[in-house]
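Reader: Hi! I'm in my first year and still learning to look at proteins. Could you take me through the salt bridges in this one, slowly and in plain words?

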Amino acid sequence: MTPEPKTPVQVARDLTEIVNLSVQLLDQAVNDANAAIDGTSLPGGRAMIALAPVGDTASQERRLELAEAAWLARAQADGRTRDTADTIVVTGTEGRPDLVADEDDTQAPALQLLRYWSEQYRWANAAVWDHIPTINTEAKFLHHLIDTGWLPRRDAERWAHLGRDINRARRHLESILHAGKHPERSRVVCNNPDCPKPHELIKTYGTDTTGTADRWLCTACRTRYDDDDYRRAYADQLRHDHAARYVLLPDAIATLKAQGRSEHTIRKWLAPPLRHTADQCAGCKRKWHAAEHDTCPACAGNLRPLKRGNPDAVLDAYCDTRTHKTYVWWPALWNLHLKSQNRRRAS
């Protein structure tokens with residue numbers, strides 16, 4: 001079924017938005033993995049998948065052709081083929097490779113959707129060169145073809161399918177970055193005393209690019225919360241006795257920052273426990289694996305243990321393997337906040 005064709009202006013607008021969204025992917029990947037851009041941390045999540053390169057169409061087609069040819073050669077060797085006028089008929093299809101059976105186009109990365117179209121048009125326009133394709137390069141190339149009028153005039157038959165894939169790539173990036181106009185449900189319950197049936201707040205995104213028009217909405221009493229009201233409601237909710245739960249790490253940090261805590265202090269509380277990571281020679285300063293040698297194998301010097309981490313770290317946390325999001329046990333973190341306040345007041 002052919003999708004409804006989009007106008008060139010609509011497709012160009014989708015491509016522009018894709019370029020703007022791709023700039024935020026690295027920050028989102030770092031945030032999802034609670035990492036840092038320091039050369040050692042490893043970002044993660046769906047944003048990291050969107051940043052990764054994808055295979056080109058020609059290589060995939062060649063891979064399928066080689067797999068089919070190898071299967072046909074085995075069928076001929078087993079005597080399961082017979083020649084007709086122009087084709088070879090195979091008796092039985094056992095072991096026939098199906099390399100596209102597990103592919104899901106609805107979850108295809110944005111770069112994969114863009115490259116499917118951009119590579120074909122690069123060959124048609126003699127615009128193939130040795131470069132590393134990214135979301136930015138391929139989206140801008142397709143945008144250039146629309147601006148110059150080459151599309152959809154030269155490929156009108158497939159224009160509707162191209163517009164659908166471009167829009168799908170945009171919506172895929174929006175779902176990763178929580179952008180666009182899609183509501184996002186939170187775990188914060190409305191704290192309006194006049195609310196007849198408090199519900200979890202949902203976030204509605206405004207049309208501006210600054211985020212000032214974004215609001216949190218209770219669907220029961222229609223009360224709207226700005227960011228400050230939302231943080232206060234979340235802090236009130238986490239102060240209650242029933243707040244013995246795991247919370248998202250970014251939410252926990254934002255709540256404590258709203259209470260006046262510095263992010264440096266919060267990160268220190270969240271540091272991993274103290275552990276023995278390596279041994280270093282007191283003489284030649286060479287490092288060795290932890291507890292592997294009694295003395296330095298190079299100079300027979302004394303080894304001293306090297307330890308990293310926070311000796312006071314007692315927080316319980318885990319990473320959701322499906323969403324790659326980190327959750328921390330809120331009561332332990334809140335108790336650290338209260339005890340630190342008491343120590344400061346006592347001093």
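Author: What follows is a walk through the salt bridges, with a short stop at the surface patches.

Happy to help! Please keep in mind that this is a predicted model. The count of salt bridges comes to ten, and a few of them make a good tour.

Let's start in helix 8, which covers residues 159-177. Arg 168 and Asp 165 both sit there, three residues apart, or about one turn of the helix. Their side chains meet in a salt bridge, with N and O 3.8 Å apart. That pair counts because the cut-off is 4 Å between a side-chain nitrogen of Lys or Arg and a carboxyl oxygen of Asp or Glu. Asp 165 also forms a salt bridge with Arg 164, where the closest N and O atoms are 3.5 Å apart.

Now look at how covered these residues are. Asp 165 has 8% relative accessibility, so it counts as buried. Arg 168 is buried too, because its relative accessible area is 17% and the limit for buried is under 20%. Arg 164 has 34% relative accessibility and therefore counts as partly exposed.

Next, find Glu 263 and Lys 257. They form a salt bridge whose closest N and O atoms are 3.2 Å apart. Glu 263 is partly exposed because its relative accessibility is 34%, and Lys 257, with a relative accessible area of 40%, is partly exposed as well. Salt bridges can also share partners: Asp 14, Arg 170 and Glu 174 are joined into one network in this way.

Stay with Asp 14 for a moment. This residue is in helix 1, residues 8-22, and it counts as buried because its relative accessibility is 5%. Its side chain also makes a polar contact with the side chain of Asn 167, at 3.2 Å.

Finally, let's visit the surface. Arg 275, Lys 285, Lys 287, Arg 304 and Arg 308 gather there in a patch of positive charge. One of them, Arg 308, is in strand 10, residues 303-308, and counts as exposed because its relative accessibility is 59%. A nonpolar surface patch is formed by Leu 26, Ile 37, Leu 42, Met 48 and Leu 51, with about 490 Å² of accessible area together. Within this patch, Ile 37 lies in the loop between helix 2 (25-32) and helix 3 (45-51), and its 67% relative accessibility is why it counts as exposed.

Notes: Residues numbered from 1 in each chain as written. Predicted model: local features only at pLDDT ≥ 70, side-chain atom pairs only at ≥ 80, totals over all residues. Heavy atoms only, no water. Patch = residues over 30% accessible without salt bridge, like charges linked within 9 Å, V, L, I, M, F, W, Y side chains within 5 Å. Areas by Shrake-Rupley, 256 points an atom, 1.4 Å probe, with all protein chains shown as cover. Lys, Arg positive; Asp, Glu negative; His and termini not counted. Charge placed at Lys NZ, Arg CZ, Asp CG, Glu CD. Helix = DSSP H or I, 4+ residues; strand = E, 2+ residues; numbered from the N terminus. Buried < 20%, exposed > 50% of the residue type's maximum accessible area, 1.4 Å probe, protein only. Polar contact = N/O pair within 3.5 Å; in protein donor to acceptor, adjacent residues only side chain to side chain.
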